[in-house]
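Colleague: Could you take me through one part of this model in some detail, the helix bundle and what it packs around? I'd like to know how far to trust it, too.

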Amino acid sequence: MTGGHELWLVSRAAGVVALLLVAAAVLLGLTLAAGLVKTPQTRKNVITFHEHTANAALVAIALHGAALLGDGFLRPGLKGILLPFAIDYRPAYTAAGIVAGYLAALLGLSFYARKRIGAKRWRKLHRATPVIYVLGLVHTLGAGTDQGSTWLRSVMLSSALAAVALIVKRLMRPPKPGKISVNPTKI
Ligand code: HEM
């Protein structure tokens, strides 16, 4: 048997954990954006949970990529896990995972620099986070060994349906009174 089988298993497990955590972070964010959390204390708790799931996802993604380095079958090397299209194994689907990893690091950690970025610009940037989840799904469906299994497909389908429902709810939310866009020159 090729060496590094255990590390391949570690990488696969960490990949699934990463996907679950990214899904949880995105769903919690969309729940907040859809205005489903009413009381200030619950909102505070959900925001904290949202922050922790996003940070835990970064750790799981790092473990997922790093453990692959020991996989004696794929032998990706540092280039293979860091540069999109540098690996021979399903290059486009693996690239989707690598790009998702970079976006997760960039958009997730930008939270701690939001004062420097500016609250308004940061919020705009933060709206792109569902892209990480979509790229994670594409990556899993195209590169994952377990993507054909019922349990992983059920997880992907149910989280995707919940995300779509929350986005619809968010889009239907009436604008805040102060945010009604009127052209002041025409009043
Ligand atoms: C550093 C960036 C990444 C690299 C190099 C990478 C690479 C890979 C590779 C080569 C596989 C196929 C392994 C196999 O089943 O034989 C895989 C599977 C997988 N990856 Fe990634 N990935 C990255 C980022 C991500 C991210 C950001 C997520 C989650 C959002 C993720 C979730 C998964 C999942 C769930 C699987 C399927 C595991 C399985 O089928 O058992 N990956 N990844």
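Modeller: Happy to, and the tail is a good place to begin: over residues 180-187 the pLDDT stays under 50, and the model has two contacts beyond four places in sequence for that stretch. Where pLDDT is low, the predicted coordinates should not be read in detail. This is a predicted model, and across the protein the average pLDDT is 93, with 94% of the residues scoring at least 70.

Now for the overall frame. The protein has eight helices and zero strands, and its C-alpha trace spans about 75 × 35 × 30 Å along the principal axes. Of its 187 residues, 24% count as buried. Among contacts between residues at least 6 apart in sequence, 71% join residues at least 24 apart.

Let's look closely at α2 (40-68). At 1.5 Å a residue, the 29 residues of α2 should span 42 Å, and its end C-alpha atoms are indeed 42 Å apart, so expectation and model agree. The same check works for α1 (5-33): its 29 residues should also span 42 Å, and the distance between its end C-alpha atoms is 42 Å. After α1 comes Gly35, with a positive phi near 75°.

Which residues of α2 are buried? They are His50, Ala54, Ala57, Ala60, Ile61, His64, Gly65, Ala67 and Leu68. An α-helix has 3.6 residues a turn, so residues three or four places apart point the same way. That is worth keeping in mind as you read along the list. The cover over these buried residues of α2 includes α1, α3 (77-82) and α4.

One of those buried residues, Ala57, takes us into the largest nonpolar core. That core has 28 residues, of which Ala18, Val22, Ala25 and Ala57 touch the most other members. Each of α1, α2, α4 and α7 supplies at least two of its residues, and the largest share, ten residues, comes from α1. Val22 is a good residue to centre your view on: leaving aside residues up to four places away in sequence, Val22 touches Ala57, Ala104, Ile132, Tyr133 and Gly136. In soluble globular proteins, nonpolar side chains tend to be buried together.

Two of the names you have just met come back at the ligand. There are 27 residues around the ligand, and those that come nearest are Gly15, Gly65, Gly97, Gly136 and Gly144. The elements giving two or more residues to this shell are α1, α2, α4 (91-109) and α7 (130-143). So what is the make-up of the shell by class? It has 13 nonpolar, twelve polar and two charged residues, with Gly counted among the polar ones. Gly65 is also on the buried list for α2, while Gly136 is among the residues that Val22 touches.

Finally, have a look at the loop between α3 and α4, where Phe85 sits. Phe85 has a phi near 70°, a positive value in a residue other than glycine. Phe85 counts as exposed because it has 11 C-beta neighbours inside 10 Å, and the cut-off for exposed is 12 or fewer. Arg90 lies in this loop between α3 and α4 as well, and has a positive phi of about 35° although it is not a glycine. With 14 other C-beta atoms within 10 Å, Arg90 is partly exposed.

Terms used:
Residues numbered from 1 in each chain as written. Predicted model: local features only at pLDDT ≥ 70, side-chain atom pairs only at ≥ 80, totals over all residues. Near = placed C-beta within 6 Å. Helix = DSSP H or I, 4+ residues; strand = E, 2+ residues; numbered from the N terminus. Expected span 1.5 Å × (residues − 1). Buried ≥ 20, exposed ≤ 12 C-beta atoms within 10 Å, placed from the backbone. Contact = placed C-beta atoms within 7 Å. Core = buried A, V, L, I, M, F, W, Y, C linked by C-beta atoms within 7 Å. pLDDT = per-residue confidence, 0-100.
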